[in-house]
Each structure stands twice: as C-alpha cells, then as structure tokens.
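Thanks for asking me to look over this structure with you. Have the sequence and the 3D view open side by side as you read.

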Amino acid sequence: MKTNELKLVYFSPTGSTRKIIMETARSFDLKSVSFDLSVYKEKKPVLKFDANDFVLFGIPVYYGRVPALFMDYLENISGNGTPAALIATYGCRQYEDALLELKNETEKRGFKVIGAGAFPAEHSIVPFIGARRPGKTDLKAASEYGIELNRHLRRESDFSGFNLLVPGNTPYRKYGKNMLFPKADNSLCTECGACAKVCPAGAISLSNPKKTDHKKCIGCMKCVRMCRQKAKSVNSLKMDLAERKLTKVCQNDREPEIFLEGKS
Ligand SMILES: Cc1cc2nc3c(=O)[nH]c(=O)nc-3n(C[C@H](O)[C@H](O)[C@H](O)COP(=O)(O)O)c2cc1C
C-alpha cells in the first residue's frame, strides 16, 4: 500500500509535544496535514483516516497516562487499517502507562502502531525541571525516529503482522487527584481574554476571564504561560510543595526512548 499523506494528530498545551512531532514529521518525504487538538473545540471533530495515510499521534503524559481530554477527542477518530506511530513527551519523571494506553486505544480504533517514542521535556508545571527541553539532542532523536519510520513505510507494504511492544502495565495508573488549578490575580488581570482564547479545555470564560471552571480545567498551565500580565498562577504553597516533590523524582538527564518493530 502506497502511503500518500502524513497526518499529525496532537495535543500540546505548552508546546513541547508539538516541537517533537514537527521535527519527526520533517524527516518524511510526504506532505503533512496537522490536527492540533489543543485548540478548544466545543464540538469534537470527526476524523477518519485511510489505509494510505500515516498518522503520527502526539500527547503529553499526564499522571503516567494519556490526558483525559485527548481520550475524549479520540472517541471521534478512526482509522481503517491505518499505520500510525506514537509520540509522548513527559516532564522528566516517568511516562509509565501512557504509550501502552495510547497504543491500545488507537489500535481499538483501527490504527496499526508501528513505532513509539517517549521524549523528556520541560515539565509544564515546574518549568525549571527539564528546562529548555526539548533541546538539540532531543530534536535529533526525533528526527532520527522520523527517518526510521519513513524507512519502514517505504520497505513494508503490509503492517498487519506487526506487533510492537511498548512499556506499560494494565490496569493503567490512576489519574492524580491533587490537580493544581491556576487562579487569576484580580489586581493584575486586565480581562484581555487571551487565556480564555487559548485554554484547551474551554474552562475560562471569555466574558469573565478571571473565572475558571474547575470542573473543566485540566491543569495544563497554558494560561499561566500565555498571560502577559503574569496574572495567572497556582497558589504558592501548593506550588512549593509540587516543586519539592517533583525535584526529588524527576531527572533532567533522561534520554529519549524509541521503540520500533524488531528494535528497542
Ligand atoms: C496535569 C499534568 C500532569 C503531568 N504528569 C506528568 C507525569 O506523570 N510524568 C511526567 O514526567 N511529566 C508529567 N507532566 C509534565 C508533562 O508531561 C510535560 O511537561 C509535557 O512535555 C508537556 O507537553 P506540552 O508542552 O506539549 O503540553 C504533567 C504535566 C501536567 C500539566
């Protein structure tokens, strides 16, 4: 089967996953089309892919899992024996069951996963962890991953016999309960609405950006990053605690890991 187009389906509130997926995609000799699911859509788009597409899925790891919001989007995404590869970025702690969950869930929906990559990146909650990653070496690994995937595509015509092994366990880890919710500082917020426009979960009201709906907020920190007035932040006591906890368990020198059929 000749592959005609590369489709990039990703969720990347703070941009690290996007950087890795774009670098991987550059190594393909195929035209690519992007579906950025970090832009809030009230109505989840229906995306159907064919056997002659190749889909790269990209997610950040949340609590060692696939973000719940990405899973909601996945409900409306289907393949038809479509070959695919996975990218997960994580904040230098662990990615635990995220790749396994993403593989199982995409394969249930008609995709055949032929490669997977876990890439350490800046921690979106505590940005001094993994600061400035993905860096040069990470991007080189992403580019080489793309070269290998492209080679697979050129060499193989039938992926039905592929059975890629990726790390992870079932039952999957439980989602964390102590989510950190950014709040607006009323004295700094100018109600410009920039945070409401970029919130991937549609949790901030455009008419009153000082208000966040905690039932919808996924704690991704995009509003904290985006606010020019620095009006959005997490309670400093909670942030101190998170920083102390994460500093103990994260390792800034973690390396990208690539899993391909017949290679680990
Ligand atoms: C709610 C939440 C949970 C997270 N859970 C993990 C985790 O379990 N392991 C880890 O190493 N990093 C974790 N991170 C960090 C992100 O996975 C990491 O920063 C990722 O690269 C962000 O991708 P993005 O820039 O594309 O949004 C978490 C971040 C958030 C906001």
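The points below go through strands, pockets and a few backbone details.

1. Before anything else, keep in mind that this is a predicted model. Everything that follows is about that model, so to speak, as it stands on your screen.

2. A good place to begin is the start of the chain. Strand β1 covers residues 5–10 and strand β2 covers residues 31–36; the two run parallel and are joined by six bridges. To find one of these pairings, pick tyrosine 10 and look across to aspartate 36, its bridge partner in β2.

3. Now add the helix to that picture. Helix α1, residues 16–26, goes together with β1 and β2 to form a β-α-β unit, and this unit is right-handed. Try tracing the path from β1 over α1 to β2 on your screen.

4. Next, turn to the largest pocket, which has a volume of about 950 Å³. It is lined by 37 residues, and those closest to its centre are Tyr63, Arg93, His123, Ile125 and Leu246. By type, the lining consists of 16 nonpolar, 14 polar and seven charged residues.

5. Which elements each supply at least two residues of this lining? They are α1, β6 (82–90) and α7 (236–249), so you meet the helix of the β-α-β unit here once more. The largest share, six residues, is given by α7.

6. Where does the largest pocket lie with respect to the domains? Domain 1 (5–171 + 251–260) and domain 2 (183–233) both contribute residues to its lining, so the pocket lies between them.

7. The second largest pocket holds about 230 Å³ of space. Its lining is made of Ser124, Ile125, Pro127, Met221, Val224, Arg225, Lys230, Lys232, Ser233, Val234 and Met239. Two elements, α6 (222–226) and β9 (232–233), give two or more residues to it. The lining divides into six nonpolar, two polar and three charged residues. This pocket too lies between the domains, because domain 1 and domain 2 both give residues to its lining. Look out for Ile125, which is among the residues closest to the centre of the largest pocket and also lines the second largest one.

8. Two peptide bonds deserve a look because of their cis form. The bond joining arginine 133 and proline 134 is cis, with omega about 5°, and proline 134 is found in the loop between β7 (111–120) and α4 (136–155). The bond from threonine 170 to proline 171 is cis as well, with omega near -10°; proline 171 sits in the loop between α4 and β8 (183–184).

9. Tyrosine 63 has a positive phi of about 55° although it is not a glycine. Find this residue in the loop between β4 (53–60) and α2 (68–74). Is tyrosine 63 buried, partly exposed or exposed? Its relative accessibility is 29%, so tyrosine 63 counts as partly exposed.

10. Lysine 230 has a positive phi too, near 55°, and is a residue other than glycine. Its place is the loop between α6 and β9. With a relative accessibility of 66%, lysine 230 counts as exposed, since the cut-off for exposed is over 50%. Lys230 also belongs to the lining of the second largest pocket.

Terms used
Residues numbered from 1 in each chain as written. Predicted model: local features only at pLDDT ≥ 70, side-chain atom pairs only at ≥ 80, totals over all residues. Heavy atoms only, no water. Pairing = 2+ DSSP bridges. Helix = DSSP H or I, 4+ residues; strand = E, 2+ residues; numbered from the N terminus. Right-handed = clockwise from strand over helix to strand, strands pointing away. 1 Å grid on protein atoms, 1.4 Å probe; cavity = no way out; pocket = protein on both sides within 12 Å on 5 of 7 lines; lining within 4 Å. Points joined across faces, edges and corners; volume = space filled by probe spheres on them. Nonpolar A, V, L, I, M, F, W, Y, C, P; charged D, E, K, R; others polar. Domains from an automatic or database assignment. Buried < 20%, exposed > 50% of the residue type's maximum accessible area, 1.4 Å probe, protein only.
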